[in-house]
Amino acid sequence: MTYHSTTSNLRTHLLTIHPGKLSEQSEGNQPPLKQARISAFLPPSSSRGLPAARQASITDKLTRFICKDMRPINISQGSGFKDFVYELEPRYTIPSRATITDRVVKLYDTTKDNIIQTISGQKIALTTDGWTSLATEAYVTVTAHFINEEWELKDVLLKTIEAPKSHTAENIAKYIGNILDEYKVDRESVLSITTDNAANYVNAVERHLQAFNVPCMAHTINLAVRKGLGVRAIESPVNRLKATALHFNKSTTDSYQLESKQKLLGVKPAKLINDCATRWNSTYDMVCRAAEQQAPVAAVIMENKLGHLELSTSEWTLLEQVRAVLKPFKTATEALSTDRFPTASAVLPLKYVLLSHLKPPIGDSAALNDMKTKISTDLEKRYNPNKDAFMLLNTSSYLDPRFHRLIHLDRDQQQEVRERVKSELMVIAEDCGGYEEDGEVAAMAKGTQEKTALGAMGDLFGNVYQGAESTNASGRPTVDIGNVLQQEMLIYESETPLPTDSDPLSWWKASGSKYSHIAQLARRYLSIPGSSVRAERVFSTAGIIVNKKRSALDPENVDRLVFLANNL
């Protein structure tokens, strides 16, 4: 039946002509059907019911997630990410890429302002290094290090600045100077700048910035070890290990065959490690892994007739000896690569220990003796006593309760360090405005006296038999601060050295009040990094951010993203 009228007429028609049909719809006392709202056919509103504060909080966490985990900003626009967020909170509106970019800029500015306030008035140490991205854009990065009032070692990344000009010492100094100006850091507040041994960076720090340059000890160790590995009798088997590792890492057939031999011989499956000249300890790691996998590797070499990769028994014996020689260098490098504990104070003590380890015992082969001699010769010329860094590092060692005896120095050098420390303590004391004869200073200078008969006699005689003391403007007697500092240093030097695996910062936190002046100096010097590892880690972060898909990132955005990934 063609129908073009109202629903009421339709109902009348059904009741009259088809009385049973309408009653069927009413069976079971079901409620009458209602017309659905149009909103029922649409997804739930993403903003309805979600407070603005909650929306802003989620957006802030999303921004931090992108920055801390080094994800591209457009990850928020992917369909999979949207589905994931919708499942968690369907009312949340994912912001646009432009909005997140604005949030990144604001987060960068806020974090930067916080760092400026944190390091304001602090004595800080810096590390710096250079890096080139996949887009062949050059960068210079600077990190700052300091110890806070809780005796915690802190480090922050200041900036990763583009360096389009040639990397001369003058230009590098300008880049570093501009970063310091941007963070309102006075040149006098910079204790030292740790760099690798590149001449342009060393000259930039020493000649143009007029700052103390601390050569990276880990890089120094690497250079010395490379010299030792250049001995022909050792270089030949090491190069063969490199070729072996390269072969098995490129040949899928032999790689699978090696894995089956490992299982057959009960050796833990592991890939061979190849040496890399710029990766510290990689030679040691390569030799260790090759020794562990010697049996399955030899089986594959023999089965596939790869004689050019085979090492003789005498060569394996020599490599085992090389491995023993290199082990302390790996330990030293790892100890210097931490950013949780002081490292500059351990540089010269480590050099002393490593040189002692290199003394050739009777019975060493000629090749091994030659290797030790080359490493020793290269190490000995580093950290020349005539360089400013030598005294800086020894002062740091003196202020470290693990090394304050300075046994790596002769008596004249020890005394020179003590004189330098005392002169710097005098400056600190003068900056405090002098001392009156009361409180801790008077107690340390004269000892505490109880009101006994002898104490009363002391009051009676006064200074008649001791010579008059000087007085301040108010007429109160003052203390010779030089004697106070000398006393403080003597008591500190009598302390039993901490075990070398102890945390000196924890010791200072507990004992700082006992040596109030030395503690102030220790907070400065123990913040100095002994290696440039921290700056080089920044480039590992930068390499993840500026990858092949993001190589067109603007240098300003590279700085922001690298900065936030390291400082959040």
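1. A helix crossing is called left-handed if the near helix is turned anticlockwise from the far one by less than a right angle, and right-handed if clockwise. Keep that in mind for helix H13, which passes H15 in a right-handed crossing. Please also note that this is a predicted model.

2. Here is the overall picture to start from. The chain has 568 residues, and buried ones make up 44% of them. Its secondary structure comprises 24 helices and five strands. If you take the contacts between residues at least 6 apart in sequence, 70% of them join residues at least 24 apart.

3. Next, the nonpolar cores. The largest of them has 75 residues, and the members that touch the most others are Ile234, Met371 and Trp508. Which helix gives the most to this core? Helix H13, spanning residues 313-336, does so with nine residues. There is also a second, separate core of 59 residues, where you will find Ile115, Ile172, Tyr201 and Val538, among others.

4. Ile234 is a good residue to click on. Once its neighbours within four places in sequence are left aside, its contacts are Leu229, Leu318, Val322, Ala367 and Met371. Several of these names return in the next point: Leu318 and Val322 sit on the H13 side of the contact with H15, while Ala367 and Met371 are on the H15 side.

5. Now for the packing of H13 and H15 itself. Their axes are 10 Å apart and the packing angle is about 20°. Angles under 35 degrees count as roughly parallel, so H13 and H15 are roughly parallel to each other. From H13 come Leu318, Gln321, Val322, Val325, Leu326 and Phe329, and they face Ala367, Leu368, Met371, Lys372, Ile375 and Leu379 of H15. By type, the residues of this H13 and H15 contact are 10 nonpolar, one polar and one charged.

6. H15 has another partner worth a look. Helix H14 covers residues 344-357 and H15 covers 366-380; their axes come within 10 Å and cross at roughly 155°. Are H14 and H15 roughly parallel or antiparallel to each other? Since angles over 145 degrees count as roughly antiparallel, H14 and H15 are roughly antiparallel. The crossing of H14 past H15 is left-handed. Lys351, Leu354 and Leu355 of H14 meet Ser376, Leu379 and Glu380 of H15. That contact divides into three nonpolar, one polar and two charged residues. Leu379 is thus a name to remember: H15 uses Leu379 in its contact with H14 and also in its contact with H13.

7. Two loop residues deserve a check of their backbone. Lys184 is not a glycine, yet its phi is positive, about 60°. Lys184 belongs to the loop between helix H6 (169-182) and strand E4 (190-195). With a relative accessibility of 65%, Lys184 counts as exposed. Gln210 also has a positive phi without being a glycine, and the value is near 55°. You can find Gln210 in the loop between helix H7 (199-208) and strand E5 (213-215). At 63% relative accessibility, Gln210 counts as exposed.

8. Finally, a glutamine inside a helix. Gln257 lies in helix H10, residues 252-265. Is Gln257 buried or exposed? Its relative accessibility is 15%, so Gln257 counts as buried. Leaving aside neighbours within four places in sequence, Gln257 is in contact with Val300, Glu303 and Asn304.

Technical notes
Residues numbered from 1 in each chain as written. Predicted model: local features only at pLDDT ≥ 70, side-chain atom pairs only at ≥ 80, totals over all residues. Heavy atoms only, no water. Axes fitted to C-alpha atoms, helices over the stretch in contact; angles between N-to-C directions. Helix = DSSP H or I, 4+ residues; strand = E, 2+ residues; numbered from the N terminus. Parallel < 35°, antiparallel > 145°, perpendicular 65-115°, else oblique. Contact = heavy atoms within 4.5 Å. Nonpolar A, V, L, I, M, F, W, Y, C, P; charged D, E, K, R; others polar. Core = buried A, V, L, I, M, F, W, Y, C linked by side-chain atoms within 4.5 Å. Buried < 20%, exposed > 50% of the residue type's maximum accessible area, 1.4 Å probe, protein only.
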